[in-house]
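Visitor: I am new to this structure, and I would like to learn how each description of it is justified. Could you show it to me, and then let me ask about the reasoning?

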Amino acid sequence: MAGDEIQPAAADGERGSRSASESSPSADNVEAHLSFGEPLHVSISRATTRFQTIQRAYSQPVSEAEMEEGVGHPGVVSWLLRRSHDGAPFAKRFGVVFRDLDVFGADVSNHHIATLISPFWKALKGVTNGFGILQLLHSTKRQLIHGFTGEVREGEMLLVLGRPGSGCSTLLRVLGNHRKTYSKINGTVSYGGLSPTEVQRHFRGEVAYNQEEDVHFPNLTVRKTLDFAIQCKTPSRQVLQDRRRYKSEVLQLLLEMYGLERCADTIVGNAFLRGVSGGERKRVSIAEQVASGASVEVWDGSTRGLDSSSALDYVRSLRIGADVMKKAIVSTIYQASEGIYELFDKVMVIDEGRQLYFGPASKAVAYFEALGLEKPKRQTTADFLTGITQANERRVRPGFEDTVPTTALEFEALWRKSPEFDAVVASAAEFAERIDEGRRGDELRETVNRTKMGAAKSKLRRKSPYTTTTIFQFYLLVLREWDIFINNKTTLMFKVMYYIAFAIITGTLFIRLPHSTASYFTRGGLLFFALLFNMLTALSEIPKAVEGRLVVYKHKALAMYHPGAMSLAQTVVDLPFVVFQILVFGTIMYWAAGLQRYGGQFLAFLLFLFIGVMCMTAFFRLIGQISPNVDVGHTLSGVTLLFMIMYVGYLIPPPMMHHYFKWIYWINPLAYGFKALVSSEYRNIDYPCRPGGLVPDIPGIGIANQVCTIIGANPGELRVRGRDYLERTYSIHVTDQWKDFLA
C-alpha cells in the first residue's frame with residue numbers, strides 16, 4: 001500500500017547507531033555533562049521519550065472514517081491512524097530537497113569605509129545615476145550560488161561550512177524561504193512535496209529562518225515568553241483532548257529540556273536591560289522555535305558570542321528537536337568544536353558560492369584527504385573543512401603538490417565528477433520521487449489542517465497559515481501586551497509623577513483665568529498646550545515600535561499571530577493608562593485654570609484629549625514601523641510635528657496661511673483636535689471687555705460710541721461673545737464642534 005511506502009526514510013548508518021544510543025535510557029550514563037570544564041544544561045537523552053509520551057497522552061483518537069472523509073487517500077489514512085496510536089500524532093515530516101539551485105542577486109561586493117567626502121561623493125553618484133532610476137533599469141546581477149544539490153530529511157541536521165562571504169547566508173535564506181531579496185532563483189526547492197509559494201501562503205510557520213540575533217520582548221519572563229508561543233501554536237481539539245493540560249506539560253518540558261528551570265521567572269532582557277545570560281537567551285530562542293512547531297528550521301550563525309559550553313548546549317538543543325520532533329535542521333556555525341560537529345548528520349562545504357562537498361559528516365575528511373589534503377591532528381574538522389581553499393591554512397599531503405586543487409572552481413569541478421556527487425544526486429532524486437509517490441504533500445496538508453482551530457467548520461481557516469483564530473490571537477496578545485506594560489514599573493511610575501507635576505505646573509501658571517476678554521487669547525494658548533503636551537507624550541512609541549518590530553517580524557514568519565491582531569491589542573492595552581493620564585492631567589489643569597465650569601464641557605475636554613492622544617499614538621507607531629532605526633524615526637517625527645504645530649490653526653490663524661501650505665491644515669489631526677477643544681470652551685462664553693479695552697477712551701463718551709479692542713467685538717456692545725471671537729480670529733465655527741471631533 002502507499003501508506004507503507006511513506007515510512008520515515010532510513011538515515012545513514014552512522015546516524016542510526018548514534019541516534020539509537022542517545023535516545024535509549026541507558027545513554028544518559030555515558031552522555032557528556034561537561035564541556036571544557038563547564039557544565040552542560042541540555043540533555044538529549046532525557047527529552048526524547050517524555051515529549052512523545054505527552055503528545056500521545058493528550059492526543060485525540062482519530063477514526064478511520066474521519067480520515068477518509070478528510071483525505072480520501074488510503075495510504076495517508078493508514079499512516080495517520082498509525083501515527084495517532086504509535087507515535088507523535090502531529091509531528092510533521094517535511095524534509096527539504098534542493099536540486100540545481102542557482103541564486104542571483106545585486107552585486108554589492110564593493111563597500112568602502114565612509115570618510116568626510118563620502119556624502120558629497122554619494123550625492124554626485126546619485127545625480128549621475130539618475131537618483132537610482134538608471135541603476136534599477138541596468139542593475140548589475142551576480143550569481144551568488146551555483147547549482148547546489150542536496151537533501152535534509154526529517155530528523156536530520158545539516159551543517160553548512162564556509163568562510164564569510166562564501167554564500168552560507170544566501171543558501172540559508174533561500175532554504176528558509178526568504179527569497180524576496182534576490183532577483184532570480186533557478187532550480188527546485190521542495191518542502192516535503194510543497195512548493196515555496198504554497199508554503200509561504202498556507203504553511204508559513206512550518207519553515208522558520210533565524211538570524212544571528214536573539215530578539216525577544218525584554219520585559220517578559222522566560223516562562224511567559226514560551227507560554228505565549230505554545231498557546232499560539234497549540235493544536236485544535238480535533239487533535240488534542242485537553243489543550244490546557246497539554247500547554248502546561250509542554251511548557252514544563254521545554255524548561256527542563258533546555259535547562260531553563262532556574263531562570264524561568266527571570267526576564268529575558270537585552271543589551272540595555274539585565275536579564276538571562278547569553279547562552280540562556282539562545283536556548284530560549286530554540287525553545288520558542290520548538291514551541292512554534294516549525295518542521296524545517298534554518299539557523300544562520302547563531303553561536304556567535306557564546307562560549308564553548310553554551311554553543312554546545314545550543315547544538316544539543318537543536319539535536320533534541322531533530323530527534324524528538326523529526327525536524328529538518330540546517331545551520332551555519334563558525335569555529336565549531338569537534339563535539340558540535342559530531343552532532344550533525346550531514347555537512348556541506350561551500351566557497352565563493354560553489355558547492356565543494358555534501359554528504360555524511362563522518363566522511364567529509366576522507367573525501368578531501370583523497371584529493372591530497374591532510375588534516376592536522378590537533379585541528380578541528382570544521383576548521384579543516386573551512387580552510388581547504390586557503391593556502392596559508394591548508395596542508396598538502398606529500399606527492400599531491402601538483403594535483404591538489406587550489407581554487408573553489410577546481411574543487412567544484414572535482415566534486416561534480418566524483419561518485420559522492422552522483423550519490424547525492426541519486427539520493428535527492430529518490431527522496432523527491434518517494435515524496436511524490438507517497439503523496440506526502442497531501443499528508444502534510446491534512447496533518448497541518450487538523451491542528452488549526454476552526455478548520456473543520458470553515459474552509460477559509462484551512463487556507464490560513466495561522467494555527468489559532470484571529471479572536472484567540474487577539475486575546476493572547478492582549479494578555480501579553482498587558483504583561484509587558486505592567487512589568488515596566490519604573491517607567492510607569494515615572495510617567496505618573498511626570499503627568500501630575502506638569503498638570504500642577506500648567507494649572508498654577510494659568511490659575512484662575514479672568515472672566516473678561518483679557519483671557520480670550522490665553523485660553524486658546526492653554527488649550528493648545530494641553531493638546532500639544534499630551535500629543536508629545538506619544539513620541540515614546542517610536543523606540544518601542546522600532547525595537548519590537550524584529551520580534552513581530554519573527555513571530556509573523558512563524559505564523560504565530562497576525563500583525564493586525566497585535567496592533568489592535570496594543571490599542572486596547574493603551575486605553576486604561578491613557579484614560580488615567582487624561583483624567584489626572586486634565587482634571588488638575590482644567591479646574592486650576594478655571595475653564596468653563598460645566599460638566600458637559602469638562603467631559604468634552606477630556607474626550608477630545610483622549611481621542612487626540614490615541615490618534616497620535618497610532619501615528620507615531622506608524623512612523624516607528626516605517627523607519628529603519630530610531631534616529632530616522634525621531635527625525636521623521638520631528639519634521640512632521642514641526643508642520644503639524646505650525647499649521648494647527650493657533651500660531652498661524654487659517655485666514656493668514658499661505659494657500660500652497662493650507663492643505664497641511666486640512667489633513668492635520670492636531671488642527672481638528674484644537675478646533676474641537678476651543679469650540680467647546682468658547683461656545684457659551686460672553687465676557688465683558690477688559691478694563692481699559694474700550695476705545696476711544698475719552699471722558700464723557702458712552703458705550704454707544706465705543707468698541708472693545710479685541711477681535712470679534714461689535715460697536716456699541718460692552719460684552720464680546722466667545723463664538724464671535726473664534727469665527728473672526730480663527731475661522732472656527734462652534735457649530736462644527738462634533739464634525740471636527742469625528743474628523
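Guide: What follows is a set of questions and answers about this model, which is a predicted one.

Visitor: What makes Phe529 and Phe533 a stacked aromatic pair?

Guide: A pair of aromatic rings is described by the distance of the centres and the angle of the planes. The structure holds 42 aromatic pairs, and for Phe529 and Phe533 the values are 6.1 Å centre to centre and 20° between the planes. Since rings pair if their centres lie within 6.5 Å, and planes under 30 degrees apart count as stacked, Phe529 and Phe533 form a stacked pair. Both residues lie in helix H23, which covers residues 520-536, and they are four residues apart, about one turn of the helix.

Visitor: Why is Phe529 called partly exposed, and why does Phe533 count as buried?

Guide: The word buried is kept for residues under 20% relative accessible area, exposed for those over 50%, and partly exposed for those in between. Phe529 has a relative accessible area of 30%, so it is partly exposed, whereas Phe533, at 6%, counts as buried.

Visitor: How do you know that Phe533 and Phe585 are stacked?

Guide: The ring centres of Phe533 and Phe585 are 4.9 Å apart and their planes stand at 20°, so this pair is stacked. Phe533 belongs to helix H23 and Phe585 to helix H25 (residues 563-593), so the pair ties together parts that are 52 residues apart in sequence. Phe533 and Phe585 are both buried. Ring pairs also link these two into a cluster, whose members include Trp482, Tyr498, Phe529 and Phe577.

Visitor: What makes you say that the charged end of Lys184 sits over the ring of Phe104?

Guide: One part of the test asks that the NZ atom of a lysine, or the CZ atom of an arginine, be within 6 Å of the ring centre, and the other part asks that it be within 35 degrees of the ring normal. The charged end of Lys184 is 5.6 Å from the centre of the Phe104 ring and sits over that ring. In another such case, Arg480 lies over the face of Phe228, at 4.5 Å from the ring centre.

Visitor: How do you know that Ser679 is buried, and which residues is Ser679 in contact with?

Guide: The relative accessibility of Ser679 is 0%, so Ser679 counts as buried. This serine has its place in helix H29, made up of residues 669-682, and its side chain reaches the backbone oxygen of Lys675 at 2.6 Å. If its neighbours within four places in sequence are left aside, Ser679 is in contact with Leu726, Ile732, His733, Val734 and Gln737.

Visitor: Why is Ala565 described as buried, and what does Ala565 touch?

Guide: Ala565 has a relative accessible area of 5%, so it is buried by the limit of under 20%. Ala565 lies in helix H25, and its C-alpha atom is separated by 5.2 Å from that of Phe474, although the two are 91 residues apart along the chain. Not counting residues up to four places away in sequence, Ala565 touches Thr470, Gln473, Phe474 and Leu477.

Visitor: What makes strand E5 mostly covered?

Guide: In strand E5 (residues 157-161), five of its five residues are buried. In a regular strand the side chains alternate between the two faces of the sheet. On one side of E5 are Met157, Leu159 and Leu161, and on the other Leu158 and Val160, all of them buried, which leaves both faces covered.

Visitor: How do you know that E5 pairs with strand E9?

Guide: Pairing requires at least two bridges between the strands, and E5 pairs with E9 (residues 328-332) over four bridges, in the parallel sense. Within E9, Ile329 is the bridge partner of Met157. Four bridges also join E5 to strand E10 (residues 346-351), and these two run parallel.

Visitor: Why is the link between Cys689 and Cys708 called a disulfide, and which hand does the disulfide have?

Guide: The sulfur atoms of Cys689 and Cys708 are 2.1 Å apart, and the cut-off is a distance within 2.5 Å, so the pair qualifies as a disulfide. The torsion about the S-S bond is about 75°, so the disulfide is right-handed. Both Cys689 and Cys708 are buried.

Technical notes: Residues numbered from 1 in each chain as written. Predicted model: local features only at pLDDT ≥ 70, side-chain atom pairs only at ≥ 80, totals over all residues. Heavy atoms only, no water. Phe/Tyr/Trp six-rings, centres within 6.5 Å; stacked < 30°, edge-to-face > 60°. Buried < 20%, exposed > 50% of the residue type's maximum accessible area, 1.4 Å probe, protein only. Polar contact = N/O pair within 3.5 Å; in protein donor to acceptor, adjacent residues only side chain to side chain. Contact = heavy atoms within 4.5 Å.
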